[in-house]
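Trainee: Could you take me through one part of this protein slowly, as if I were new to reading structures? I'd like to see how one piece sits among its surroundings.

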Amino acid sequence: VRHRLCPYLDTINRQVLDFDFEKLCSVSLSRINVYACLVCGKYFQDSSLDDIKYVLNPTFTSDHIRSLDTSDKLSRAIDGTLYLPGIVGLNNIKANDYCNVILQALCHVTPLRDFFLREINYARVKRPPGDSSFLLVQRFGELMRKLWNPRNFKAHVSPHEMLQAVVLWSRKKFQFTKQGDPIDFLSWFLNALHIALNGNKNPESSIIYRTFLGAMRIRTRKIPPVELEERQRSELLLTQEYQESVADSPFLYLTCDLPPPPLFKDEIMENIIPQVNLFTLLTKFNGETEKEYKTYKENF
């Protein structure tokens, strides 16, 4: 009886396997059965290759996900490097570090992480015919699972497939060949994921809104010109134009005002990075702190 297994399985060198790029057949461009033995032509279905298949498509149970925030168990890559799942590097292909910082940060938002670690949570989302924007959701889920994979062959992960989807669905607004603004990318990415998950204005319509959507009450009042006399200022304050208005503004993220960098360098000729308490940065949102802004007309 002919042996059904590939006789060359033992020759696979896992240290040189590279799953960093999109898995496509170079001839047919198919994603099916991409990996096969080039000697005997058999598809890799043997159980001895389960570790390779797990790296390609990591899976997580509910119990495993619940233990992520309390576990400090280190994993070991094939080259012996120790790493903590979730705390791994993302390759900088050329100039995609502005995307990497956002992707890394989002992968540590617990509700978002727990949602995307299990593909079943979004597998049933249906998009209109011809709309393939759901690919963005799939690629983000794959990247999330690779970052938290405790059996990675390497202590770093490539975001290549994720970034390809970003370039496609942002219509090349965000690329990995030139620098971009991380905040612009964050704003676009959260809204793109929300729409791809069939989200709408309902706060419970997607995991994005359930996790990030908030509202801020903004009180606004116009200040009379300083060059006016006290009597004129008092009269203006009684008019409708100078009355305080209140509005609730929804947000997915809030920005903090960082202090300006120092003008002078320290003794080792490097700028001193000022350290500011996080609570100090958040005082602008405490409902008491006031901030003055110039109107468009006052700038000219």
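Mentor: Let's start with helix H6 and what lies over it: the cover on its buried residues includes helix H3 (97-106), helix H5 (134-147) and H7. Keep in mind that this is a predicted model. Which residues of H6 are buried? They are His 160, Glu 161, Met 162, Leu 163, Ala 165, Val 166 and Val 167. That makes seven of the ten residues of H6, so the helix is largely enclosed by the rest of the structure. For scale, buried residues make up 30% of the 300 residues in the whole protein, which has ten helices and six strands.

Now walk off the end of H6. After the helix comes Arg 171, and its phi is positive, near 55°. Keep going and you meet Phe 174, in the loop between helix H6 (160-169) and H7.

Phe 174 has a ring partner, Phe 185. How do the two rings sit relative to each other? A pair of aromatic rings is described by the distance of the centres and the angle of the planes. For Phe 174 and Phe 185 the centres are 5.5 Å apart and the planes are at 75°, which makes the pair edge-to-face. Phe 174 lies in the loop and Phe 185 in helix H7, so their pair ties together parts that are eleven residues apart in sequence. Are these two rings buried or exposed? Phe 174 has 3% relative accessibility and counts as buried; Phe 185, at 0%, is buried too.

Here's another ring pair to look at: Trp 188 and Phe 189. Their ring centres are 6.3 Å apart and the planes meet at 35°, so this pair is tilted. Phe 189 is buried, with a relative accessible area of 0%. Trp 188 comes out at 17%. Why does that still count as buried? The cut-off for buried is under 20% relative accessible area, so Trp 188 at 17% makes it in.

Zoom out a little and these rings turn out to have company. Ring pairs link Phe 174, Phe 185, Trp 188 and Phe 189 into a cluster that also includes Tyr 98, Phe 115, Phe 116, Tyr 122, Phe 134 and Phe 140. The count of aromatic pairs comes to twelve.

Let's follow H7 a bit further, to His 194, which sits in that helix (residues 182-196). His 194 is buried as well, with a relative accessible area of 4%. What does His 194 touch? Leaving out residues up to four places away in sequence, the list is Gly 199, Asn 200, Ser 205, Ser 206, Ile 208 and Tyr 209. With Asn 200 you can be more specific: a polar atom of the His 194 side chain lies 2.9 Å from the backbone oxygen of Asn 200.

Contacts between parts far along the chain show up in the protein's totals too. Among contacts with a separation of 6 or more, 65% are between residues 24 or more positions apart.

For a change of scene, finish on the outside. The protein exposes about 20600 Å², and carbon and sulfur atoms supply 54% of that. One spot to find there is a nonpolar surface patch of about 360 Å², made by Leu 74, Leu 82, Leu 84 and Ile 87. Where is Leu 84? Look in the loop between strand S2 (82-83) and strand S3 (89-90). Leu 84 has a relative accessible area of 30%, so it is described as partly exposed.

Technical notes. Residues numbered from 1 in each chain as written. Predicted model: local features only at pLDDT ≥ 70, side-chain atom pairs only at ≥ 80, totals over all residues. Heavy atoms only, no water. Patch = residues over 30% accessible without salt bridge, like charges linked within 9 Å, V, L, I, M, F, W, Y side chains within 5 Å. Areas by Shrake-Rupley, 256 points an atom, 1.4 Å probe, with all protein chains shown as cover. Salt bridge = Lys/Arg side-chain N within 4 Å of Asp/Glu carboxyl O. Helix = DSSP H or I, 4+ residues; strand = E, 2+ residues; numbered from the N terminus. Buried < 20%, exposed > 50% of the residue type's maximum accessible area, 1.4 Å probe, protein only. Contact = heavy atoms within 4.5 Å. Polar contact = N/O pair within 3.5 Å; in protein donor to acceptor, adjacent residues only side chain to side chain. Phe/Tyr/Trp six-rings, centres within 6.5 Å; stacked < 30°, edge-to-face > 60°.
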